[in-house]
Amino acid sequence: MPSPTAQRLGVVPSVFAVEHVPHATFPEDDEWIALVRAPEGLTIVRETWPTGSGERWIGLYGGASAHGLDAPGMLAAVVGPLAEAAIPVFVASTYHADLVLVPDHRIDEAITALESAGHSVDTTHLKPRPTP
């Protein structure tokens, strides 16, 4: 029997960058996806190019298994297996689902960990990655 917190996740077509801007209260442009304001500054999630320098993050979104704010354990069910696999995450939650970002170079491990935990992951939008 599947877990009530098993989710249908999809790889988001965009690639993201996560930035920290100390002492800022709002970004200077409107090219952001998510903002989090905290005492130590502003965290900004932006869409970025899939190649080039800098750390890139791949998004997994649970919109196919949307849930209300009163559904306990939905985010924990996703980040738990990733934590067990020692994969870092950055999370931005919406009203209905969670956007879980994982480092680009760890996406294959993340998918394996999530599928092993009973989630399904649609990789339709996962871009081919260069082999090392």
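**Overall architecture and the setting of Pro22**

From the N terminus on, the elements of the chain follow the order β-β-β-β-α-β-β-α-β. In this predicted model, the chain thus comprises two helices and seven strands. Along the principal axes, the C-alpha trace extends over about 50 × 40 × 25 Å. The radius of gyration of the chain is 15 Å, which agrees with the value near 14 Å that a compact globule of 132 residues would have.

Of the 132 residues, 38% count as buried. Contacts that link distant parts of the sequence were also examined: among those between residues at least 6 apart in sequence, 61% join residues at least 24 apart. The accessible surface of the chain amounts to about 8000 Å², and carbon and sulfur atoms account for 58% of this surface. The chain carries 7 positive and 16 negative charges, and the mean positions of these two sets lie 3 Å apart.

At the level of single residues, Pro22 was considered in its local setting. Pro22 is placed in the loop between strand E1 (8-21) and strand E2 (32-38). With a relative accessible area of 44%, Pro22 is classed as partly exposed, because this value falls between the 20% limit for buried and the 50% limit for exposed residues. When residues up to four places away in sequence are not counted, Pro22 touches Glu40 and Gly41. For Gly41, which is 19 residues from Pro22 along the chain, the separation between the C-alpha atoms of the two residues is 4.1 Å.

Conventions. Residues numbered from 1 in each chain as written. Predicted model: local features only at pLDDT ≥ 70, side-chain atom pairs only at ≥ 80, totals over all residues. Heavy atoms only, no water. Helix = DSSP H or I, 4+ residues; strand = E, 2+ residues; numbered from the N terminus. Buried < 20%, exposed > 50% of the residue type's maximum accessible area, 1.4 Å probe, protein only. Contact = heavy atoms within 4.5 Å. Rg over C-alpha atoms; globule rule 2.2 N^0.38 Å. Areas by Shrake-Rupley, 256 points an atom, 1.4 Å probe, with all protein chains shown as cover. Lys, Arg positive; Asp, Glu negative; His and termini not counted. Charge placed at Lys NZ, Arg CZ, Asp CG, Glu CD.
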